[in-house]
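Subject: Model handover

Hello,

Here is the model for your files. Please look it over, then read the notes below.

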Amino acid sequence: MTLAESRIDRYPTRTPGAAPLIERTDHTVWGRIESPAMASFDADGYAIIDELLSPTEVAGFSAEIDRLASDPELRLDERVIIEKKSNRVRSIFEVHRISTVVAELVRDERVVGLARQVLGSEVYLHQSRVNYMPGFEGTGFYWHSDFETWHAEDGMPAPRAVSLSIALTDNYPFNGSLMVMPGSHRTFVPCQGETPADHYRESLQEQQIGVPSHAHITELANTHGIAQFTGARGSALLFDSNVMHGSADNITPFPRSNIFLVFNSVENALGEPYAAPMPRPTHIAARDFDPVR
């Protein structure tokens with residue numbers, strides 16, 4: 001019997017009032033780390049992989065995501081998220097089903113092999129998307145743990161999932177690059193507030209439910225500090241589903257875009273949401289659980 005089936009909830013969240021931090025009881029690394037670049041993953045909850053893609057590959061993927069963002073018909077698709085203020089494309093979900101180019105990337109052993117090392121099992125693609133952060137008016141993502149949302153709204157039992165953010169543009173300290181709190185993955189941060197129906201429609205533009213309190217963010221930052229993912233296009237950040245992360249707005253002329261792939265263990269398949277009235281759509285949280293091969 002899985003945790004989801006038995007409804008054992010070791011990570012309660014979306015509580016009516018303030019709740020204490022919860023020490024993580026699950027492993028961070030379930031398999032065996034083989035890549036020297038990932039040596040600090042267990043301790044920090046993330047690893048930076050330089051030159052995951054070649055310059056030629058980056059150019060090809062950049063042309064592909066530019067094509068998708070400029071497609072007027074695709075803009076009407078529910079998988080496309082539009083910025084509130086600028087009316088520009090913010091994210092495109094389930095991009096591996098829209099683009100054969102991205103679908104091939106998902107199966108690349110350089111990519112899926114990283115997830116298998118950490119998760120110690122076959123993996124499936126929980127979510128794929130392209131994120132765009134244009135120059136001058138790109139909106140950031142507030143501090144959050146992905147697992148909190150995936151647990152509450154998708155029914156993911158445990159934090160046995162990893163995200164891979166592949167940079168298609170240079171990540172500077174000043175153009176909205178991702179900030180992470182090293183070691184914060186070992187602490188689960190419960191959030192307050194009841195999850196509204198169809199919360200995903202609002203949260204994918206600007207999340208307000210499922211975000212930690214200022215007090216908890218301050219405590220984690222004082223304990224772990226804040227690091228930043230910077231580096232050349234083609235580099236990637238692999239990070240644990242429970243690590244605290246966020247990004248600031250981009251007010252520079254330099255855009256930032258990335259391909260974002262989430263791999264979950266096939267042994268950690270989704271059940272019913274733990275703190276939401278119904279599951280999110282499958283283009284946001286897949287439920288076919290087919291291993292990536």
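Confidence first. The mean pLDDT of the chain is 92, and 95% of its residues reach 70 or more; pLDDT is the predictor's confidence in each residue, from 0 to 100. Residues 1-5 are the weak spot: pLDDT stays under 50 there. For that stretch the model has nine contacts beyond four places in sequence, a contact being heavy atoms within 4.5 Å.

Ground rules. This is a predicted model, so local features need pLDDT of at least 70 and side-chain atom pairs count only at pLDDT 80 or more, while totals for chains, interfaces and linings use all residues. Residues are numbered from 1 along each chain as its sequence is written, and side-chain values use heavy atoms, with hydrogens and water left out.

Overall form. The chain has 293 residues and a radius of gyration of 18 Å, which agrees with the value near 19 Å for a compact globule. That radius is taken over C-alpha atoms, and the globule rule is 2.2 Å times the number of residues to the power 0.38. Along the principal axes, the C-alpha atoms fill a box of roughly 45 × 45 × 40 Å. Buried residues make up 55% of the chain. Here buried means under 20% relative accessible area, exposed over 50%, and partly exposed in between (1.4 Å probe, protein chains only). The accessible surface comes to about 12,700 Å², with 53% of it belonging to carbon and sulfur atoms; areas come from the Shrake-Rupley method with a 1.4 Å probe, and for residues only the protein chains shown count as cover. Among contacts between residues at least 6 apart in sequence, 84% join residues at least 24 apart.

The sheet. There are nine helices and 13 strands in the chain. These are DSSP runs numbered from the N terminus (helices H or I, at least four residues; strands E, at least two). Seven strands form an open sheet with antiparallel pairing, in the order E2-E11-E7-E13-E5-E4-E3. Two strands pair if DSSP finds at least two bridges between them. E2 (46-49) and E3 (80-82) are the edge strands, each pairing on one side only. The twist averages 15 degrees from one strand to the next. Axes are lines fitted to C-alpha atoms, for helices over the stretch in contact, and angles run from 0 to 180 degrees between N-to-C directions.

Strand E13. All 10 of its 10 residues are buried. Arg 256, Asn 258, Phe 260, Val 262 and Asn 264 point one way. Ser 257, Ile 259, Leu 261, Phe 263 and Ser 265 point the other way. E13 runs antiparallel to E5, joined by 10 bridges; Ser 128 stands opposite Leu 261 in E13. With E7 it pairs in the antiparallel sense over seven bridges. Ser 163 has Val 262 as its bridge partner in E13, and stands opposite Phe 239 in E11. E7 (161-167) and E11 (236-240) pair over five bridges, also antiparallel.

Helix H3. Residues 55-69 form this helix, which packs on the sheet and touches E4 (89-93), E5 (123-133) and E13 (256-265). Its direction makes about 75 degrees with that of E5. Leu 68 is found in H3. Leu 68 counts as buried because its relative accessibility is 3%. Beyond four places in sequence, Leu 68 touches Leu 74, Ile 92, Val 95, Ile 98, Ser 99 and Tyr 132.

Best wishes
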